[in-house]
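Good morning, and thank you for the opportunity to present. I would ask you to keep the sequence and the structure in view while I speak.

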Amino acid sequence: GLGTSKAWSAKVLNIDFATYNPLSLVVKDQGWLEATLGKDVTVNWVKSAGSNKANEALRAGAIDVGSTAGSAALLARANGSPITAIDVFSQPEWAAILVPKNSPITNVSQLAGKSVAATKGTDPYFFLLQALQRAGVPLAKVEVQNLQHADGKAALEGGSVDAWVGLDPLMAASESTAGSKLLYRNINFNTYGLLDATDTFLTKSPDLAQAVVNA
């Protein structure tokens, strides 16, 4: 009744925020979780640089809830990680293939024999695999440089790779500041944005998991 505070299942919630999950930025900025959970629960926000990093943090128990692309969530399940998707937060077009401003490359088939930056275990990497398959280019014919998203952007703009499978908002920034060009887009090669939680957290704190989804 009135005057009784809700008893939450845990005193701490560790959750990620990521530029590829704009909703997480809004929830963090507006303090909605803190307002919901009150003084009894400390909310720790941890930045994820990519789906691969979010999965690593979930596996290590560093975060209870993390943001990944659907492809990365599937990969975690396939690898037997005790991680479960609890929410679909978007159907984005966050990945595409970019080339530098003055690149002579005009189609994906021309990536044969070239170097391409992409972050393994993330949607841009799976985007690359699908784009190459559609263009009939074997993966072995492409030199994939496994760089975290921000490093891939720097490599493209610095000229050390011929193409980069970008991720927004880094991709949009590269287009606007460096004149990088979109080589190939396909919204169907982007998977959904998912919130994932560790199974131990879901067993122990379904109330906190629900509070996150509600926010």
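I shall begin with the chain as a whole, then turn to one strand and its partners, and then to the empty spaces.

Please note at the outset that this is a predicted model. The chain has 215 residues, of which 47% are buried. Its secondary structure amounts to nine helices and 10 strands. Taken along the principal axes, the box filled by the C-alpha atoms is roughly 70 × 35 × 25 Å. The chain exposes about 10300 Å², and carbon and sulfur atoms account for 53% of that area. As for contacts, if we consider those between residues at least 6 apart in sequence, 77% of them join residues at least 24 apart.

Let me now turn to strand β10, residues 193-198. How many of its six residues are buried? Six of the six are, and the strand is thus described as mostly covered. The burial applies to both faces: on one side we find Gly193, Leu195 and Ala197, and on the other Leu194, Asp196 and Thr198.

Which strands pair with β10? One is β3, residues 65-69, which pairs with β10 in the antiparallel sense over five bridges. In that pairing, Thr68 stands opposite Leu194. Another is β4, also antiparallel to β10, here over six bridges. Ala85 has Asp196 of β10 as its bridge partner.

I come next to the pockets. In general terms, rolling a probe the size of a water molecule over the atoms reveals where empty space remains. The largest pocket here holds about 200 Å³ of space. It is lined by 15 residues, and those closest to its centre are Leu23, Val27, Leu195, Val212 and Ala215. Two or more lining residues come from each of β1 (12-17), α1 (22-30), α2 (32-37), β4 (83-90) and α9 (206-214). Which element gives the largest share? That element is α1, with three residues. By class, the lining divides into 11 nonpolar, two polar and two charged residues. You will recognise Leu195 from β10, where it is one of the buried residues.

The second largest pocket has a volume of about 160 Å³. Its lining includes Thr19 and Tyr20, the run Lys47, Ser48 and Ala49, and the run Gln148, His149 and Ala150. Leu167, Asp168, Pro169 and Leu170 line this pocket as well. Here the classes are six nonpolar, four polar and two charged residues.

Two of those lining residues deserve a further remark. The peptide bond from Asp168 to Pro169 is cis, with omega near 5°. Pro169 itself lies in the loop between β8 (163-167) and α7 (170-178).

Finally, how many cavities of 30 Å³ or more are counted? The count is one. The volume of the largest cavity is about 40 Å³. Its lining consists of Tyr20, Ser51, Ala69, Trp94, Thr122, Asp123, Pro124, His149 and Leu167. Five of these residues are nonpolar, three are polar and one is charged. Tyr20, His149 and Leu167 line this cavity, and these three residues also line the second largest pocket.

To close, I would direct your attention once more to β10, which is paired with β3 and with β4, and to the cis bond from Asp168 to Pro169. Thank you for your attention.

Key. Residues numbered from 1 in each chain as written. Predicted model: local features only at pLDDT ≥ 70, side-chain atom pairs only at ≥ 80, totals over all residues. Heavy atoms only, no water. 1 Å grid on protein atoms, 1.4 Å probe; cavity = no way out; pocket = protein on both sides within 12 Å on 5 of 7 lines; lining within 4 Å. Points joined across faces, edges and corners; volume = space filled by probe spheres on them. Helix = DSSP H or I, 4+ residues; strand = E, 2+ residues; numbered from the N terminus. Nonpolar A, V, L, I, M, F, W, Y, C, P; charged D, E, K, R; others polar. Buried < 20%, exposed > 50% of the residue type's maximum accessible area, 1.4 Å probe, protein only. Contact = heavy atoms within 4.5 Å. Areas by Shrake-Rupley, 256 points an atom, 1.4 Å probe, with all protein chains shown as cover. Pairing = 2+ DSSP bridges.
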